[in-house]
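Please have the sequence and the structure open while I talk. I will go through two helices.

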Amino acid sequence: MSRAEILEGTDAAVAGVEDESTILVGGFGLAGMPFDLIDALIRQGAKDLTIVSNNAGNGDVGLAALLAAGRVRKVLCSFPRQADSWVFDGLYRAGKIELEVVPQGNLAERMRAAGAGIGAFYCPTAVGTPLAEGKEEREIDGRKYLLEYAIKGDYALIGAHIADTLGNLVYRKTARNFGPVMATAATTTIVQVDEVVDAGKLDPEAVVTPSIYVDRVVQVEARHYTVQGAR
């Protein structure tokens, strides 16, 4: 039987998140970002968090709002700076937040490794660049590789399109992005969805994340954001 809980509100969904947790946050920019769960986490008050995400926040909403609230100690991401990353830029320049840049493919693979029970792997990406500093290097079949460790989260906050009452998930188009791999890589996976349907209503062939990886599900009203130009 599924272990997923279907909860009534986002505050209940993020209850118990501890200070200093590592949290995997879905989204590619604003696409697929779990806005409501992040807002609930801000209200919940957990601090000194390590956030793993593709970006370091956009505009003043979602992940950027969590950064602005002063709850994040460190960010691991692929794209920390873009036109609308003024919150992260300000914090980083002021020395108030740490950053680890991870190439996008490595970011996905390091989480996938965690979900698959793989502690580390060798990858050629970043060989000979500043990102290789301090990493073990090995030559395999005449090519240089770096040792990359799995990224495991205490929690994953992700957005999906529809869940059934067992916790099986389907996503909508590009909003899928990192959601499936993050769901496998966290001890506790928390999901906001647009709709919850009865078990058996989803086409099994359409299910992307099976319920075994899902712990908490909450239905929220769809929200859409348009971030204005850079400051």
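There is 1 aromatic pair in this structure, which is a predicted model. The partners are F88 and Y92, and their rings are stacked. A pair of aromatic rings is described by the distance of the centres and the angle of the planes. For F88 and Y92 the distance is 5.6 Å centre to centre, and the planes are at 20° to each other. That counts as stacked because the angle is under 30 degrees.

Where do F88 and Y92 lie? Both are in helix α4, residues 86–93, and they sit 4 residues apart, about one turn of the helix. An α-helix has 3.6 residues a turn, so residues three or four places apart point the same way. As for exposure, F88 is buried, with a relative accessible area of 2%, whereas Y92 is partly exposed, at 44%.

Now to the second helix, α5, which runs over residues 104–116. From the first C-alpha to the last, the 13 residues of α5 reach 18 Å, close to the 18 Å expected at 1.5 Å a residue.

Which residues of α5 are buried? They are N106, L107, R110, M111, A113 and A114. These residues lie on the same side of α5, because they cover an arc of only 150° around the axis.

What do the buried residues of α5 pack against? The strands are β2 (22–25), β3 (49–52), β5 (98–101), β6 (120–123) and β8 (143–149), and there is also a helix, α6 (179–185).

Last, look just past the end of α5: G117 follows, and its phi is positive, near 80°.

Notes. Residues are numbered from 1 along each chain as its sequence is written. This is a predicted model: local features need pLDDT of at least 70, side-chain atom pairs count only at pLDDT 80 or more; totals for chains, interfaces and linings use all residues. Side-chain values use heavy atoms; hydrogens and water are left out. Rings of Phe, Tyr and Trp (its six-membered ring) pair if their centres lie within 6.5 Å; planes under 30 degrees apart count as stacked, over 60 as edge-to-face and the rest as tilted. Helices (H or I, at least four residues) and strands (E, at least two) are DSSP runs, numbered from the N terminus. Buried means under 20% relative accessible area, exposed over 50%, partly exposed in between (1.4 Å probe, protein chains only). The expected span of a helix is 1.5 Å times one less than its number of residues. The arc is that of the directions from the helix axis to the C-beta atoms. Contact means heavy atoms within 4.5 Å.
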